[in-house]
Amino acid sequence: FTNSIMNELKEIKVIDLFDQKLWEAEELIEKYNIIDNKKIELYKLAADFYYYKHSYSKSEQMCDIGLKISIKSRNIFEEANLYIYKSRN
């Protein structure tokens, strides 16, 4: 999951294509038991992508999803990082 999807997402420059690949990644998350750290990594990557494409509301949504996962898994380090991401937006 993470190596192929994450590498593809890192190379994408166009929002529409990124949206499609992110949707595919979310489908895989629902279908398979993906560990929380990989989910958080995905949503941080998405938050960065949307932020740098000036889509701040979408970046905020990705931060919120990542925060929920971080809080649920009690990953305080990533929770703090995602609050920093939110403040950036």
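# Helix packing and ring contacts

R74 is exposed, with a relative accessible area of 74% (exposed is over 50%, buried under 20%, partly exposed in between, with a 1.4 Å probe and protein chains only). This is a predicted model, so a word on its ground rules: local features need pLDDT of at least 70, side-chain atom pairs count only at pLDDT 80 or more, and totals for chains, interfaces and linings use all residues. Residues are numbered from 1 along each chain as its sequence is written, and side-chain values use heavy atoms, leaving out hydrogens and water.

**Two loop residues with positive phi**

R74 sits in the loop between α4 and α5 (helices are DSSP runs of H or I with at least four residues, strands runs of E with at least two, numbered from the N terminus). Although R74 is not a glycine, its phi is positive, at about 60°. H54 also has a positive phi, about 65°, without being a glycine, and its place is the loop between α3 and α4. With a relative accessible area of 60%, H54 is exposed.

**How the helices pack**

Here are the packing values for α3 and its partners (axes are lines fitted to C-alpha atoms, for helices over the stretch in contact, with angles from 0 to 180 degrees between N-to-C directions).

| Helix pair | Angle | Axis distance |
|---|---|---|
| α3 (residues 36-52) and α4 (residues 56-73) | roughly 165° | within 8 Å |
| α2 (residues 15-31) and α3 | about 165° | 12 Å |
| α3 and α5 (residues 76-88) | about 15° | 11 Å |

The angle in the last row makes α3 roughly parallel to α5 (under 35 degrees; over 145 is roughly antiparallel, 65 to 115 roughly perpendicular and the rest oblique). Residues I40, K44, A47, D48, Y51 and Y52 in α3 meet E78, N81, L82, Y85 and R88 in α5 (contact means heavy atoms within 4.5 Å).

α3 and α4 are roughly antiparallel to each other. On the α3 side, the residues meeting α4 include D36, K39, I40, Y43 and A46; on the α4 side, they include Y56, M62, I65, G66 and I69.

α2 and α3 are roughly antiparallel to each other as well. From α2, the contact is made by I15, F18, D19, L22, A25, E26 and I29, and from α3 by K39, L42, Y43, L45, A46, F49 and Y50.

In α4 you will also find K68, which counts as exposed at 61% relative accessibility. K68 and K44 are 24 residues apart in sequence and 12 Å apart in space, C-alpha to C-alpha.

**Rings and a charge**

The whole structure holds 5 aromatic pairs (ring centres of Phe, Tyr or the six-membered ring of Trp within 6.5 Å; planes under 30 degrees apart are stacked, over 60 edge-to-face and the rest tilted). One of them joins F49 and Y50 edge-to-face, 5.5 Å centre to centre with 80° between the planes. The rings of Y51 and Y52 have their centres 5.1 Å apart and planes at 80°, so this pair is edge-to-face. F49 and Y50 are buried, whereas Y52 counts as exposed at 56% relative accessibility. F18, F49 and Y50 form one aromatic cluster.

R88 lies over the face of Y51, 4.0 Å from the ring centre (the test asks for NZ of Lys or CZ of Arg within 6 Å of the ring centre and within 35 degrees of the ring normal). R88 also lies over the face of Y85, at 4.6 Å from the ring centre.
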